[in-house]
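User: I would like to learn how to read the overall layout of a chain and its contact with a partner. Can we work through a case?

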Amino acid sequence: MTKESKELILSTIQKNARINLSDLAIQLNLPEAEVEAFITKCEKDKTIQGYYTLIKPEALEGRSVRALISVSVQPENETGFDHIARKLSKFTEVTDVQLMSGNYDLLLTVVGASLHEVADFIATKLAPMNGISHHSTHFMLKKYKEAGFQLEDKDDYERLSVTP
Amino acid sequence: MNDSQSLPKGRIAQHISDLPKSGIRDFFELVLSMDDVMSLGVGEPDFATPWGIRETAISALEKGHTSYTSNLGLLSLREEICKYVEVEFGEEYNPEKECIITVGVSEALDLALRALINPGDEIIYHEPCYVSYGPVIKMAHGVPVPVITEESENFQLHPEKVRAAITDKTKAIVLNFPNNPTGANLTLEQKKELAAIAIEYNLIVLTDEIYAELTYDERSISIAALPGMRDRTLLLHGFSKAYAMTGFRVGFACGPADLVDAMMKIHQYTMLCAPINGQEAAIEALRNGRKDMELMKAEYYRRRNYIVNRFNQIGLKCRMPEGAFYAYPNIEASGLTSEEFAHKLLREEKVAVVPATAFCTNGHKHIRCSYATSMDTIQKALDGVERFMERRKAKN
């Protein structure tokens, strides 16, 4: 299978993980068995890290409040930022952990059912953690785009339905 | 008294009243009058113009760039075009004398034909083709000479057929590959053979390259770049298809200075210039639009494979088009003509396709299906075609 075909498979399922295998094979003009084998290989070697569904935050009661929290940490000998980042990523409230360049070190996304629940997590779990020197919380008010998808309703502008 | 009875007879010019009414017009009106149609009938991208290009156009309006431009078009756009054409099509042009910006490639073709044709000159073109070729030649007082491309020859233009159509009145050949409606393309070898014929008979070649970027396999250089062709070829192109800019109406022609100058004479007295906002958007498309264009092309590629495979699975033979965004299945297995097929499919399944009679006189065996529409619509429309064909098979 060519490099281009592999990239096409990955970019197609990144946009639509639910596409069925036979449609995917037809769209890319590849044998279904080859596509299946490649996806299985990618799942095994973690090139495909998981499948995620984009859902309106308000549709899930327990996760409707989100906060981005920038965290400055004291890097540790030998492990640097990894040890504390891994510790933070084990909390179920924390959905994303990223090491960043710039004025702070880690950027977390924390979700909860309410402002109070998120604040409670910060006060009782995050702030007291050894190695954290500073953190700043930004509650998310509205999301317009995520993972390449426009989240607002599309304009209802329509083309002519038939043209030469 | 009825007003129309007092109107003078013959007030419409003879060559215009002689133009046949498009038979497809009634069908188009029927489609447009219906709600909730799943349409495979649209000959333009379903993508909005990439945001970076739109943003540039908005910004230009905010700055008050609302004036005329030079008749030839903004020099900065012509410079970008000539750089692009050199890289993508393999031929160098001087932006000051050998490039003109037009209102879409349609105007470029019209200008070129009017600049070239003396009344009675014959112009060879291939059918099936875009609907305007024959009429535009007639409006320029030329004689259209269609050469039919056949399914058995992959809808490619057989050079020997062109040779057979040449008379002492032949002035030019019009080419459009990748082709609307068949999606066919020419091989480099065929381009070379056509170039040899053009040189042998001293003919001009107008090559409409509007779908050039939407070529899914290897792309060869333009016929304009073959030895001996530069001074007898007009390369016609635009931004509508590759950059999803149909409504901006920006096209261009590159060619020898005398032909471009002749086109400019007509353009300056009729159109004056292409709209400045579209021209500024086109500059942005050439400078920064390639990534968006490649993303759209990748999506067309997926849709092309899907639609062609589905037609063949359904039992409607469909060749894999090399370019553009049209599938051109043969519908003989339905036992219907293309117009009957299109009407019945529209009534029974609310799926719109275009009968090939819109593109050639003998288009009774094919329909054109655009895949410039969402995958979801394509899937639902093909489900409709499948149900339709199952009922046809049960009847026969």
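Analyst: The turns below go from the fold of one chain to the contact between two. Note that this is a predicted model.

User: Which secondary structure elements does chain A have, and in what pattern along the sequence?

Analyst: Start with the count, then the order. Chain A holds five helices and six strands. Along the sequence they run α-α-α-β-α-β-β-α-β-β-β.

User: Into which domains is chain A divided?

Analyst: Domain 1 of chain A covers 3-44 and domain 2 covers 57-141. Their C-alpha centres are 34 Å apart.

User: What is the radius of gyration of chain A, set against a compact globule?

Analyst: The value is read against an expectation for the chain length. For 164 residues a compact globule would come out near 15 Å, whereas chain A has 21 Å. The C-alpha trace of chain A spans about 65 × 45 × 30 Å along its principal axes. Of the 164 residues in chain A, 13% are buried.

User: How many residues of each chain take part in the contact?

Analyst: Chain B contributes 19 residues and chain A contributes 13 residues. On the side of chain B that touches chain A, α2 (24-33) and α11 (290-314) of chain B each supply at least two residues. The most comes from α11(B), with five residues.

User: How do the residues on that side of chain B divide into nonpolar, polar and charged?

Analyst: Sort them by class. The side of chain B that touches chain A has 12 nonpolar, five polar and two charged residues.

Note on methods:
Residues are numbered from 1 along each chain as its sequence is written. Chains are lettered from A and ligands numbered from 1 in the order in which they are written. This is a predicted model: local features need pLDDT of at least 70, side-chain atom pairs count only at pLDDT 80 or more; totals for chains, interfaces and linings use all residues. Two residues are in contact if their C-beta atoms, placed from the backbone, lie within 7 Å. Helices (H or I, at least four residues) and strands (E, at least two) are DSSP runs, numbered from the N terminus. Ala, Val, Leu, Ile, Met, Phe, Trp, Tyr, Cys and Pro count as nonpolar, Asp, Glu, Lys and Arg as charged, and the others, Gly among them, as polar. Domain bounds come from an automatic or database domain assignment. The radius of gyration is taken over C-alpha atoms; the globule rule is 2.2 Å times the number of residues to the power 0.38. A residue is buried if 20 or more other C-beta atoms lie within 10 Å of its own, exposed if 12 or fewer, and partly exposed in between; C-beta atoms are placed from the backbone.
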